[in-house]
Amino acid sequence: MSTKKREVIWGGRIMGADMRAQTARLNAKKAARAADRAEAEAWSVRMEGYGGPARPSPTIRQCLNGGYGWLEIECC
């Protein structure tokens with residue numbers, strides 16, 4: 001009589017946990033991108049609404065991560 005190998009016993013659970021971790025990482029990356037985009041859009045609306053500098057402004061990284069490839073910079 002032989003016993004089942006550990007790979008056979010635990011392989012499915014390990015693979016499932018890895019797949020859930022990958023999905024969670026992907027969802028977190030999408031959520032961070034959406035949050036960065038929303039923050040950049042909110043800042044842009046504040047700039048237009050107030051007619052001047054609105055602080056705090058989003059970082060360049062946040063703008064690029066949110067999908068904005070062009071930034072307009074104004075010196076005061």
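**Chat about R37, helix α1 and its contacts**

User: To start with R37, what is its relative accessible area?

Analyst: R37 has a relative accessible area of 35% and is therefore partly exposed, where buried means under 20%, exposed over 50% and partly exposed in between, with a 1.4 Å probe and protein chains only. This is a predicted model, in which local features need pLDDT of at least 70 and side-chain atom pairs count only at pLDDT 80 or more, while totals for chains, interfaces and linings use all residues. Residues are numbered from 1 along each chain as its sequence is written, and side-chain values use heavy atoms, with hydrogens and water left out.

User: Okay, and which side chain does R37 meet in a salt bridge?

Analyst: The R37 side chain meets that of E41, at 3.4 Å from N to O; a salt bridge here is a side-chain nitrogen of Lys or Arg within 4 Å of a carboxyl oxygen of Asp or Glu. Both R37 and E41 lie in helix α1, 4 residues apart, which is about one turn of the helix; helices are DSSP runs of H or I with at least four residues, numbered from the N terminus.

User: How many salt bridges does the structure hold?

Analyst: The structure holds 1 salt bridge. E41, the acidic partner in the R37 pair, has a relative accessible area of 36%, so E41 counts as partly exposed. Measuring nothing but C-alpha to C-alpha separation in the model, E41 and G69 are 13 Å apart in space and 28 residues apart in sequence.

User: Which ring does R37 lie over?

Analyst: R37 lies over the face of Y68, at 4.6 Å from the ring centre, where the criterion asks for CZ of Arg or NZ of Lys within 6 Å of the ring centre and within 35 degrees of the ring normal.

User: Changing topic, what does R33 touch?

Analyst: Leaving out residues up to four places away in sequence, R33 touches N65 and G66, contact being heavy atoms within 4.5 Å. R33 is in helix α1, and its C-alpha lies 9.2 Å from that of L64, although the two are 31 residues apart in sequence. With a relative accessible area of 47%, R33 is therefore partly exposed.

User: And Q62, buried or exposed?

Analyst: Q62 is buried, because its relative accessible area is 15%. Q62 belongs to helix α2, residues 60-66, and, apart from its neighbours within four places in sequence, it is in contact with D36 and E39.

User: Where is A42 found?

Analyst: A42 is found in helix α1, and at 32% relative accessibility it counts as partly exposed. The C-alpha atoms of A42 and P58 are separated by 9.5 Å, with their positions 16 residues apart along the chain.

User: Last one: which residues form the nonpolar patch on the surface?

Analyst: V8, I9, W10 and I14 form that patch, and together they have about 420 Å² of accessible area, taken from the Shrake-Rupley method. Patch members have over 30% relative accessible area and no salt bridge, with nonpolar side chains (Val, Leu, Ile, Met, Phe, Trp, Tyr) joined within 5 Å and like charges within 9 Å. Within this patch, I9 is found in helix α1, residues 6-50, and counts as partly exposed because its relative accessibility is 46%.

Technical notes:
Accessible areas come from the Shrake-Rupley method with a 1.4 Å probe; for residues, only the protein chains shown count as cover. Helices (H or I, at least four residues) and strands (E, at least two) are DSSP runs, numbered from the N terminus.
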